[in-house]
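Here's a quick walk through the model, written for someone who'd rather look at geometry than read a long preamble. Have the viewer open and follow along.

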Amino acid sequence: MVSGNKDYEFGDLTKKVTSTAADLGKEAKAAATELGKEITGNEAYELGDATKGVLKRAGKDIDKSVEAAEAAGKVLLEDEQYKFGDVTKGVIKKVKTAVDKVVDVDTPDNSN
(Lines give C-alpha, C1' and ligand atoms only; values in the text may rest on other atoms or scores of the structure.)
Protein backbone atom coordinates (compact mmCIF):
# COMPACT_ATOMS: atom_id res chain seq x y z
CA MET A 1 0.00 0.00 0.00
CA VAL A 2 2.00 2.94 -1.32
CA SER A 3 -0.34 5.75 -0.29
CA GLY A 4 -1.09 4.56 3.23
CA ASN A 5 -4.79 4.74 2.31
CA LYS A 6 -6.61 1.45 1.66
CA ASP A 7 -9.15 3.26 -0.54
CA TYR A 8 -6.45 4.84 -2.75
CA GLU A 9 -6.96 4.56 -6.48
CA PHE A 10 -4.44 5.36 -9.18
CA GLY A 11 -4.63 9.10 -9.93
CA ASP A 12 -6.06 10.17 -6.54
CA LEU A 13 -2.93 12.13 -5.63
CA THR A 14 -2.87 13.92 -8.98
CA LYS A 15 -6.57 14.79 -8.65
CA LYS A 16 -5.99 16.19 -5.16
CA VAL A 17 -2.98 18.29 -6.24
CA THR A 18 -4.67 19.70 -9.35
CA SER A 19 -7.91 20.37 -7.46
CA THR A 20 -6.04 22.21 -4.70
CA ALA A 21 -4.02 24.23 -7.22
CA ALA A 22 -7.21 25.15 -9.11
CA ASP A 23 -8.94 26.24 -5.90
CA LEU A 24 -5.95 28.37 -4.91
CA GLY A 25 -5.90 29.92 -8.38
CA LYS A 26 -9.59 30.83 -8.10
CA GLU A 27 -9.03 32.34 -4.65
CA ALA A 28 -6.03 34.35 -5.89
CA LYS A 29 -8.00 35.64 -8.89
CA ALA A 30 -10.94 36.65 -6.70
CA ALA A 31 -8.65 38.41 -4.22
CA ALA A 32 -6.79 40.23 -7.01
CA THR A 33 -10.09 41.31 -8.59
CA GLU A 34 -11.39 42.65 -5.27
CA LEU A 35 -8.11 44.48 -4.69
CA GLY A 36 -8.37 45.99 -8.18
CA LYS A 37 -11.90 47.20 -7.46
CA GLU A 38 -10.76 48.73 -4.19
CA ILE A 39 -7.71 50.44 -5.72
CA THR A 40 -9.47 51.76 -8.82
CA GLY A 41 -12.83 52.48 -7.21
CA ASN A 42 -14.40 50.76 -10.21
CA GLU A 43 -16.91 48.04 -9.24
CA ALA A 44 -16.81 46.76 -12.84
CA TYR A 45 -13.04 46.16 -12.61
CA GLU A 46 -11.93 42.77 -13.89
CA LEU A 47 -8.57 41.13 -13.38
CA GLY A 48 -6.23 42.38 -16.06
CA ASP A 49 -7.90 45.75 -16.65
CA ALA A 50 -4.97 47.67 -15.16
CA THR A 51 -2.46 45.72 -17.24
CA LYS A 52 -4.53 46.24 -20.40
CA GLY A 53 -4.67 49.96 -19.68
CA VAL A 54 -0.94 50.16 -19.11
CA LEU A 55 -0.20 48.23 -22.30
CA LYS A 56 -2.68 50.27 -24.35
CA ARG A 57 -1.07 53.53 -23.22
CA ALA A 58 2.43 52.20 -23.73
CA GLY A 59 1.65 50.93 -27.23
CA LYS A 60 3.80 48.29 -28.86
CA ASP A 61 7.06 49.37 -27.27
CA ILE A 62 7.84 46.53 -24.85
CA ASP A 63 10.42 48.50 -22.88
CA LYS A 64 7.92 51.29 -22.27
CA SER A 65 5.27 48.72 -21.31
CA VAL A 66 7.53 47.13 -18.71
CA GLU A 67 8.54 50.53 -17.34
CA ALA A 68 4.90 51.60 -17.13
CA ALA A 69 3.87 48.34 -15.45
CA GLU A 70 6.69 48.68 -12.92
CA ALA A 71 5.73 52.28 -12.19
CA ALA A 72 2.08 51.28 -11.73
CA GLY A 73 3.09 48.34 -9.53
CA LYS A 74 5.23 50.58 -7.33
CA VAL A 75 2.35 53.00 -6.85
CA LEU A 76 -0.41 50.41 -6.44
CA LEU A 77 1.61 48.20 -4.10
CA GLU A 78 3.37 51.10 -2.37
CA ASP A 79 6.66 49.26 -2.93
CA GLU A 80 9.56 51.11 -4.52
CA GLN A 81 11.40 47.78 -4.96
CA TYR A 82 8.59 46.31 -7.11
CA LYS A 83 9.74 44.78 -10.40
CA PHE A 84 7.52 43.70 -13.28
CA GLY A 85 6.42 40.10 -12.64
CA ASP A 86 6.81 40.15 -8.84
CA VAL A 87 3.09 39.58 -8.22
CA THR A 88 2.94 36.67 -10.66
CA LYS A 89 6.07 35.12 -9.15
CA GLY A 90 4.54 35.48 -5.68
CA VAL A 91 1.31 33.77 -6.72
CA ILE A 92 3.22 30.94 -8.41
CA LYS A 93 5.36 30.42 -5.28
CA LYS A 94 2.26 30.29 -3.06
CA VAL A 95 0.55 27.77 -5.34
CA LYS A 96 3.72 25.65 -5.44
CA THR A 97 4.03 25.78 -1.65
CA ALA A 98 0.39 24.73 -1.25
CA VAL A 99 0.81 21.89 -3.74
CA ASP A 100 4.00 20.76 -1.99
CA LYS A 101 2.12 20.67 1.32
CA VAL A 102 -0.63 18.53 -0.21
CA VAL A 103 1.96 16.16 -1.65
CA ASP A 104 3.77 15.99 1.72
CA VAL A 105 0.49 15.27 3.56
CA ASP A 106 -0.72 12.65 1.11
CA THR A 107 2.62 10.92 0.62
CA PRO A 108 3.54 8.45 3.35
CA ASP A 109 7.01 8.39 4.90
CA ASN A 110 8.68 5.31 3.39
CA SER A 111 11.88 5.66 5.44
CA ASN A 112 11.06 2.61 7.63
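Let's start with helix α1, which covers residues 12-40. With 29 residues at 1.5 Å a residue, α1 should span 42 Å, and its end C-alpha atoms are indeed 42 Å apart, so expectation and model agree. Keep in mind that this is a predicted model. Which residues of α1 are buried? They are Val 17, Thr 20, Thr 33, Gly 36 and Lys 37. Right after the helix comes Gly 41, with a positive phi near 75°.

Zooming out for a moment, the protein has 4 helices and 0 strands, and the pattern along the sequence reads α-α-α-α. Of the 112 residues in the protein, 18% are buried.

**A backbone oddity**

Most residues other than glycine have a negative phi. Glu 78 goes the other way: its phi is positive, near 50°, and it isn't a glycine. You'll find Glu 78 in the loop between α3 (62-77) and α4 (86-106). Is Glu 78 buried or exposed? Its relative accessible area is 75%, and anything over 50% counts as exposed, so Glu 78 is exposed.

**Salt bridges**

Side chains of opposite charge can pair when their charged atoms come close. How many salt bridges does the structure hold? There are 2, and here they are:

| Pair | N to O distance |
|---|---|
| Glu 34 and Lys 37 | 3.6 Å |
| Asp 100 and Lys 96 | 2.7 Å |

An α-helix has 3.6 residues a turn, so residues three or four places apart point the same way. Glu 34 and Lys 37 sit 3 residues apart in helix α1, about one turn of the helix. Over in helix α4, Asp 100 and Lys 96 are 4 residues apart, so about one helical turn separates them.

How covered are these side chains? Lys 37 comes in at 18% relative accessibility, and the cut-off for buried is under 20%, so Lys 37 counts as buried. Its partner Glu 34 has 47% relative accessibility and counts as partly exposed. Asp 100, at 33%, is partly exposed as well.

**A greasy spot on the surface**

Next, have a look at the nonpolar surface patch of about 460 Å². Its members are Leu 35, Ile 39, Leu 76, Leu 77, Val 87 and Val 91. Which helices supply at least two residues each to the patch? Those are α1, α3 and α4. Take Ile 39 as an example: this residue belongs to helix α1, and with a relative accessible area of 38% it falls between the 20% and 50% cut-offs, so Ile 39 is partly exposed.

**The largest pocket**

Rolling a probe the size of a water molecule over the atoms shows where empty space is left. In this model, the largest pocket holds about 1100 Å³ of space. Its lining is made by 36 residues, and those nearest the centre are Ala 32, Tyr 45, Leu 47, Thr 51 and Val 87. Two or more lining residues come from each of α1, α2 (49-58), α3 and α4. Which element gives the most to that lining? That's α1, with 10 residues. Val 87 is worth a second click, since this residue turns up in the nonpolar patch and also among the residues nearest the pocket centre.

Technical notes. Residues numbered from 1 in each chain as written. Predicted model: local features only at pLDDT ≥ 70, side-chain atom pairs only at ≥ 80, totals over all residues. Heavy atoms only, no water. Expected span 1.5 Å × (residues − 1). Buried < 20%, exposed > 50% of the residue type's maximum accessible area, 1.4 Å probe, protein only. Salt bridge = Lys/Arg side-chain N within 4 Å of Asp/Glu carboxyl O. Patch = residues over 30% accessible without salt bridge, like charges linked within 9 Å, V, L, I, M, F, W, Y side chains within 5 Å. Areas by Shrake-Rupley, 256 points an atom, 1.4 Å probe, with all protein chains shown as cover. 1 Å grid on protein atoms, 1.4 Å probe; cavity = no way out; pocket = protein on both sides within 12 Å on 5 of 7 lines; lining within 4 Å. Points joined across faces, edges and corners; volume = space filled by probe spheres on them.
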